[in-house]
Amino acid sequence: MRSGGRRAIATSIVVMVLGLAGCGDQRSSDVAVERVDGLNGPDDDLSGVVANPPGGPSPYVTPSGAPTYEPPELDRTELDANIASLAPADRALFDHYIDARLGAGSWVMAAPMTVEEAKLRLLGPNPRQATDADVDAMMNAELSVYSFLQVGDGVVAYEDTGFADPPKRLLAALSQGGAVSAVATDNIEAMTRFGYARDGQIVFDAFEYAFVDDINEIPAEVRDLARLAWEDLEGPMVETADWSAVALAMSEKVTGVRATPAVRKVKESYVVSLPWAAGG
């Protein structure tokens, strides 16, 4: 399982490694480098650096005896107890999404609803269908695209960046007329959102739901699942469940719609500009 604590540790490791590579005087008798045309500029000062003999090691600076960092083993006692105490239906949802590993992106579920209704509520009338020419704009983070799939009496909508999740006003609009809508997002910046709306009203929505100040801020109907991912910033750092998997499990619980990778195979997709949240 992935934990928020482990993410923080991983970030610190990267910082430590970058710091080691960039700090202090790297010239010593334990460091060997070879001048190679095309790798070293004409003004490189390699005085005091031992040159490799012919057939020697790689022409890269390789510190010897560099300190290593071993992350601490996180305590998962509390997590295991919370998993064991789940109601059977919640446990089944959790197990499914932990194993499914659907990956990053924005997942939107709503029911009861058709694809045409979902497209209209989220994208408005006559949404622009994505073309091959939109690929460059997607690479420049100017837009993203959504695909829609009918799943039972509900809809799954998906985009793969995690930066085009619908703003609250559209999440609420998606649920109008007695429907329920939910969003679960995960992006490269490790920001995980969970939110849902019922009959046109937001019930809960947080861009970092696992870091709310108090677990009781999360509605009781999904709180037991949310507890698996919640990071108590006032308590010790312990193992937590995968934030994205838990968000998807909660989304299915409130909507009854299962997120499925089949939505990625839908040929038609529709453009949304970034940032989509402009306007609230």
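**View 1. How confident the predictor is along the chain.** pLDDT is the predictor's confidence in each residue, on a scale from 0 to 100. Welcome to a predicted model, in which the chain averages a pLDDT of 82. A score of at least 70 is reached by 74% of the residues. Across residues 1-44 the pLDDT stays under 50, and the model shows 76 contacts there beyond four places in sequence. Residues 46-50 also have a pLDDT below 50, with nine contacts in the model beyond near neighbours in sequence. Where pLDDT is low, predicted coordinates should not be read in detail.

**View 2. A sheet of seven strands.** Here you can follow an open sheet whose strands come in the order β6-β5-β4-β1-β3-β2-β7, with antiparallel pairing. At its edges sit β6 (201-206) and β7 (270-273), each of which pairs on one side only. On average, neighbouring strands of this sheet are turned by 20° against each other, direction ignored. As background, strands of a sheet pair through backbone hydrogen bonds, either parallel or antiparallel.

**View 3. Strands β1 and β3 side by side.** This view picks out one pair from the sheet: β1, made of residues 105-111, and β3, made of residues 154-159. Five bridges connect the two strands in the antiparallel sense. To find your way, start at Trp 107 and look for its bridge partner in β3, Tyr 158.

**View 4. A helix across the strands.** Helix α8, covering residues 243-255, lies across β1, β4 (180-186) and β5 (192-198). Relative to β4, helix α8 runs at about 175°.

**View 5. The cavity and its lining.** Rolling a probe the size of a water molecule over the atoms shows where empty space is left. In this structure there is one cavity of 30 Å³ or more, and the largest cavity holds about 30 Å³ of space. Its lining is formed by Val 108, Met 109, Ala 110, Ala 118, Leu 122, Phe 148, Val 155, Ala 157 and Leu 174. Two or more lining residues come from each of β1, α4 (115-123) and β3. Strand β1 gives the largest share, three residues. By type, the lining has nine nonpolar residues, no polar ones and no charged ones.

**View 6. Two cis peptide bonds and a positive phi.** Most residues other than glycine have a negative phi, and most peptide bonds are trans. With that in mind, look at the bond between Ala 111 and Pro 112, which is cis with an omega of about -10°. Pro 112 belongs to the loop between β1 and α4. Another cis peptide bond joins Leu 274 to Pro 275, with omega about 0°, and Pro 275 lies in the segment after β7. Finally, turn to Arg 101, which is not a glycine yet has a positive phi of about 50°. You will find Arg 101 in the loop between α3 (88-100) and β1.

Methods
Residues are numbered from 1 along each chain as its sequence is written. This is a predicted model: local features need pLDDT of at least 70, side-chain atom pairs count only at pLDDT 80 or more; totals for chains, interfaces and linings use all residues. Side-chain values use heavy atoms; hydrogens and water are left out. Two strands pair if DSSP finds at least two bridges between them. Helices (H or I, at least four residues) and strands (E, at least two) are DSSP runs, numbered from the N terminus. Axes are lines fitted to C-alpha atoms, for helices over the stretch in contact, and angles run from 0 to 180 degrees between N-to-C directions. Contact means heavy atoms within 4.5 Å. On a 1 Å grid over the protein atoms alone, a cavity is a set of points where a 1.4 Å probe fits but cannot get out, and a pocket is an open set with protein on both sides within 12 Å along at least five of seven lines; lining residues have an atom within 4 Å of a point. Grid points are joined across faces, edges and corners, and a volume is the space filled by probe spheres set on the points. Ala, Val, Leu, Ile, Met, Phe, Trp, Tyr, Cys and Pro count as nonpolar, Asp, Glu, Lys and Arg as charged, and the others, Gly among them, as polar.
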